[in-house]
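Please explain how this structure is put together. A guided reading, from the sheet to the helices and then to the aromatic rings, would be welcome.

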Amino acid sequence: MDDHINKRHNKTLLLYHIVFPVKYRNSVITDEVGKGLRNICLDISARYEINFLEIGYEENHVHFLIQSVPSLSISEISMKVKSITAKEIFRRFPEVKLKLWGGNFWTSGYYANTVGQYGNKDVIKKYIDNQGKEVKYQKVYDGQLTLFDD
């Protein structure tokens with residue numbers, strides 16, 4: 001679902017790559033826990049404007065590709081996802097809680113990065129710099145256009 005989200009007064013395409021490490025980097029995410037995590041994320045999508053486009057995991061961390069709306073900040077998205085997934089994983093997989101002393105599933109931190117579907121930083125900078133100037137476009141792959149100078 002990486003289409004634009006249309007609201008009454010805005011149209012957005014906000015994509016985030018977010019990584020959550022497991023507390024103490026313990027290796028507790030098995031295939032069973034990973035499948036449960038995916039189902040939990042589907043439940044989150046149904047309740048909040050947080051859409052999970054991809055979920056990838058290893059034994060001690062999880063990568064999410066998330067699309068959301070501007071009214072939810074990265075910290076709010078992370079807080080909601082961490083809180084709900086941790087509670088549900090502990091409820092559905094009590095054996096995981098035994099391996100993580102202290103009662104936390106995730107570390108307190110996270111990694112977040114924005115994902116550009118229509119251009120990277122350099123393309124956008126060049127586009128903005130060329131506003132008001134005569135610009136030529138060159139067709140590239142998949143029907144997208146890119147800027148170029150003479």
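The paragraphs below take up the sheet, the helices, the aromatic rings and a single threonine in turn.

The model is a predicted one. Its sheet is open and consists of four strands, arranged in the order 4-5-3-6 with antiparallel pairing. Strand 4 (50-58) and strand 6 (111-115) occupy the edges, and each has a single partner strand, so one side of each is left without a neighbour in the sheet. On average, neighbouring strands of this sheet are turned by 20 degrees against each other, direction ignored. As a general matter, strands of a sheet pair through backbone hydrogen bonds, in either a parallel or an antiparallel manner. Within the sheet, strand 3 (residues 14-21) and strand 5 (residues 61-68) run antiparallel and are joined by eight bridges. The register of this pairing can be read from valine 19, which stands opposite histidine 63 in strand 5.

Two helices lie across these strands. Helix 1 (residues 31-47) lies across strand 4 and strand 5, and its direction makes an angle of about 170 degrees with strand 4. The helix comprises 17 residues, and the distance from its first C-alpha to its last is 25 Å, close to the 24 Å expected at 1.5 Å a residue. Which residues of helix 1 are buried? They are Val33, Gly34, Gly36, Leu37, Ile40, Cys41 and Ile44. Viewed down the axis of helix 1, these buried residues fall within an arc of 160 degrees, and they therefore line one face of the helix. The cover over the buried residues of helix 1 includes strand 4, strand 5, helix 2 and helix 3 (94-99). On the face turned away from the buried side, helix 1 carries the exposed residues Asp31, Glu32, Lys35, Leu42 and Ala46.

Helix 2 (residues 74-92) lies across strand 3, strand 4, strand 5 and strand 6, and runs at about 50 degrees to strand 3. For its 19 residues, a span of 27 Å should result at 1.5 Å a residue; the end C-alpha atoms of helix 2 are 26 Å apart, which agrees. The buried residues of helix 2 are Ile77, Ser78, Val81, Lys82, Ile84, Thr85, Ala86, Ile89 and Phe90. Among the elements that cover them are strand 3, helix 1, strand 4, strand 5 and helix 3.

Phe90 also leads to the aromatic rings. The structure holds seven aromatic pairs. One of them is formed by phenylalanine 90 and phenylalanine 105; this pair is edge-to-face, with 5.9 Å from centre to centre and 80 degrees between the planes. Because phenylalanine 90 lies in helix 2 and phenylalanine 105 in the loop between helix 3 and strand 6, the pair ties together parts that are 15 residues apart in sequence. Are these two rings buried or exposed? Phenylalanine 90 has a relative accessibility of 12% and so counts as buried, and phenylalanine 105 is buried with a relative accessible area of 1%. Ring pairs link Phe20, Phe52, Phe64, Phe90, Phe105, Trp106 and Tyr110 into a cluster.

A last position concerns a strand outside the order given above. Threonine 12 lies in strand 2 (residues 11-12). Its relative accessibility is 11%, and threonine 12 therefore counts as buried, the cut-off being under 20% relative accessible area. When neighbours within four places in sequence are left aside, threonine 12 is in contact with Asp3, His4, Ile5, Gln67, Ser68 and Pro70.

Note on methods
Residues are numbered from 1 along each chain as its sequence is written. This is a predicted model: local features need pLDDT of at least 70, side-chain atom pairs count only at pLDDT 80 or more; totals for chains, interfaces and linings use all residues. Side-chain values use heavy atoms; hydrogens and water are left out. Two strands pair if DSSP finds at least two bridges between them. Axes are lines fitted to C-alpha atoms, for helices over the stretch in contact, and angles run from 0 to 180 degrees between N-to-C directions. Contact means heavy atoms within 4.5 Å. The expected span of a helix is 1.5 Å times one less than its number of residues. Buried means under 20% relative accessible area, exposed over 50%, partly exposed in between (1.4 Å probe, protein chains only). The arc is that of the directions from the helix axis to the C-beta atoms. Rings of Phe, Tyr and Trp (its six-membered ring) pair if their centres lie within 6.5 Å; planes under 30 degrees apart count as stacked, over 60 as edge-to-face and the rest as tilted.
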